[in-house]
Structure formats: C-alpha cells, structure tokens
Amino acid sequence: MTEKEAAKTGRQPSAKRTTGKPSKGFTDEERAAMKERGQELKTAARRGSRAAKADGETDVLAKIAEMPEPDRLMAERLHALIKASGPDLEPRTWYGMPAYAKDGNVLCFFQSAQKFKSRYATLGFSDKANLDDGGMWPTSFALKELTAAEEARIGALVKQAAS
C-alpha cells in the first residue's frame with residue numbers, strides 16, 4: 001500500500017519485508033528466533049533432565065558471549081543478579097535469548113537490543129511470573145543501562161516473580 005493509499009483509507013502501510021519471499025507475517029529475525037527455539041527443544045530432548053541445568057548455564061553464557069558489547073555487559077550483570085535474586089531459577093535459552101525458569105516454565109528473559117534491531121534491550125517476564133498487581137502490571141522493561149537503582153528493582157521483581 002502506498003502512502004497516498006494509506007492516507008485515503010486511514011490504514012497504515014504494512015511493514016516492509018526483508019526478503020523477496022512472500023510474507024507470512026514474520027520478519028527474518030522472528031523466523032530465526034523460532035528456528036532457534038526448535039533447536040533448543042531438540043537439544044533439550046537429547047540431553048535429558050540430568051544434564052539440563054548445567055548445560056542450560058553453559059548455553060546462556062554462550063548466548064551472552066555472542067552479544068555485542070553494550071548488551072553483553074548488561075546481560076552478564078543481569079545473569080549474576082538474577083542468579084543471586086532467584087537461586088532456584090534454572091538458566092536456559094528461550095528463542096535464542098538468556099532466560100530463567102522455575103519448574104520448567106520460563107519466568108524471565110533478556111532480549112538484546114540487537115535481537116530484533118531495537119533501540120533498547122528488554123527484560124521480560126512471562127505470564128508464569130508471579131507479578132500480578134491489581135488489574136494491570138508491567139511484564140517487560142526497556143533497559144538502556146543498569147544502575148544500582150535498576151539492579152535493586154530487578155532483584156525485587158525476580159524474587160517476586162519466583163515466589
């Protein structure tokens with residue numbers, strides 16, 4: 001849809017595709033994340049439950065090491081903070097992102113700004129996280145830097161999510 005057509009109809013033009021293939025509604029980055037998730041599931045099935053925790057830690061550290069500099073430093077600090085705040089949480093990858101699970105359910109994850117070419121990194125919480133607060137509460141947070149104030153808030157959120 002052209003800008004002129006969009007102005008007449010009041011509709012926004014669709015996002016530009018990044019490949020020459022017909023769109024199925026997903027960007028290249030989203031398709032890559034889905035492929036990573038499929039690979040994670042296959043790898044977990046091969047490993048079995050005994051080695052999952054140790055290998056999950058290794059996988060998370062490897063994903064963090066792949067990140068570009070500003071996000072890598074933030075992810076390293078978050079990893080240490082989340083492990084300290086939620087010692088029962090198991091590190092694992094989830095759609096190619098560092099994530100932390102309890103009883104097999106991902107509670108929180110870190111999304112690098114580069115993952116989907118965003119202007120900021122994201123700390124997200126799944127619907128399994130115990131963050132309910134009235135009729136509305138945040139489930140993801142934009143991260144540009146980590147100061148002592150942000151670290152304290154994140155530590156409290158992780159403890160609440162895992163409770």
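In the predicted model, Phe125 is in contact with Leu107, Cys108, Phe109, Leu131, Thr139, Phe141, Leu157, Val158 and Ala161, when residues up to four places away in sequence are not counted. Phe125 is also one of the residues that touch the most other members of the largest nonpolar core, the others being Leu78, Phe110, Leu143 and Ile154. This core comprises 26 residues. At least two residues of the core are supplied by each of the helices α3 (52–66), α4 (69–85) and α5 (148–162), and by each of the strands β3 (105–111), β4 (121–125) and β5 (140–143). In general terms, nonpolar side chains of soluble globular proteins tend to be buried together. A second core, separate from the largest one, consists of five residues, among them Ala99, Ala101, Val106 and Phe109.

Among the contacts of Phe125 is Leu157, a residue of helix α5. Leu157 has a relative accessible area of 15% and is therefore classed as buried, the limit being under 20%. With residues up to four places away in sequence left out, Leu157 touches Phe125, Leu131 and Phe141. The C-alpha atoms of Leu157 and Ala129 are 9.3 Å apart, while 28 residues separate the two in sequence.

Aromatic pairing was examined next. A pair of aromatic rings is described by the distance of the centres and the angle of the planes. Three aromatic pairs were counted in the model. In one of them, the ring centres of Trp94 and Tyr95 lie 5.2 Å apart; because their planes are at 80 degrees, and angles over 60 count as edge-to-face, the pair is assigned to that class. Trp94 also pairs with Phe109, with 5.1 Å between the centres and 50 degrees between the planes, a tilted arrangement. Trp94 belongs to strand β1 (residues 90–94) and Phe109 to strand β3, so this pair ties together parts that are 15 residues apart in sequence. Through such ring pairs, Trp94, Tyr95 and Phe109 are linked into a cluster. Within the cluster, Phe109 is buried, at 13% relative accessible area, whereas Tyr95 is partly exposed, at 30%.

Tyr95 is located in the loop between β1 and β2 (97–102). Its backbone phi is near 55 degrees, a positive value in a residue other than glycine. Most residues other than glycine have a negative phi. Lys117 likewise is not a glycine and has a positive phi, of about 55 degrees. Lys117 is situated in the loop between β3 and β4. Its relative accessible area of 63% lies over the 50% limit, and Lys117 is therefore exposed.

At the surface, Tyr95 contributes to a nonpolar patch together with Phe26 and Met34. The accessible area of the three residues together is about 260 Å². Met34 is part of helix α2 (residues 28–47). With a relative accessibility of 36%, Met34 falls between the limits of 20% and 50% and so counts as partly exposed. Tyr95 is thus a member both of the aromatic cluster with Trp94 and Phe109 and of the surface patch with Phe26 and Met34.

Note on methods: Residues are numbered from 1 along each chain as its sequence is written. This is a predicted model: local features need pLDDT of at least 70, side-chain atom pairs count only at pLDDT 80 or more; totals for chains, interfaces and linings use all residues. Side-chain values use heavy atoms; hydrogens and water are left out. Patches are made of residues with over 30% relative accessible area and no salt bridge: like charges are joined within 9 Å, nonpolar side chains (Val, Leu, Ile, Met, Phe, Trp, Tyr) within 5 Å. Accessible areas come from the Shrake-Rupley method with a 1.4 Å probe; for residues, only the protein chains shown count as cover. A salt bridge is a side-chain nitrogen of Lys or Arg within 4 Å of a carboxyl oxygen of Asp or Glu. Helices (H or I, at least four residues) and strands (E, at least two) are DSSP runs, numbered from the N terminus. Buried means under 20% relative accessible area, exposed over 50%, partly exposed in between (1.4 Å probe, protein chains only). A nonpolar core is a set of buried Ala, Val, Leu, Ile, Met, Phe, Trp, Tyr and Cys residues joined through side-chain atoms within 4.5 Å. Contact means heavy atoms within 4.5 Å. Rings of Phe, Tyr and Trp (its six-membered ring) pair if their centres lie within 6.5 Å; planes under 30 degrees apart count as stacked, over 60 as edge-to-face and the rest as tilted.
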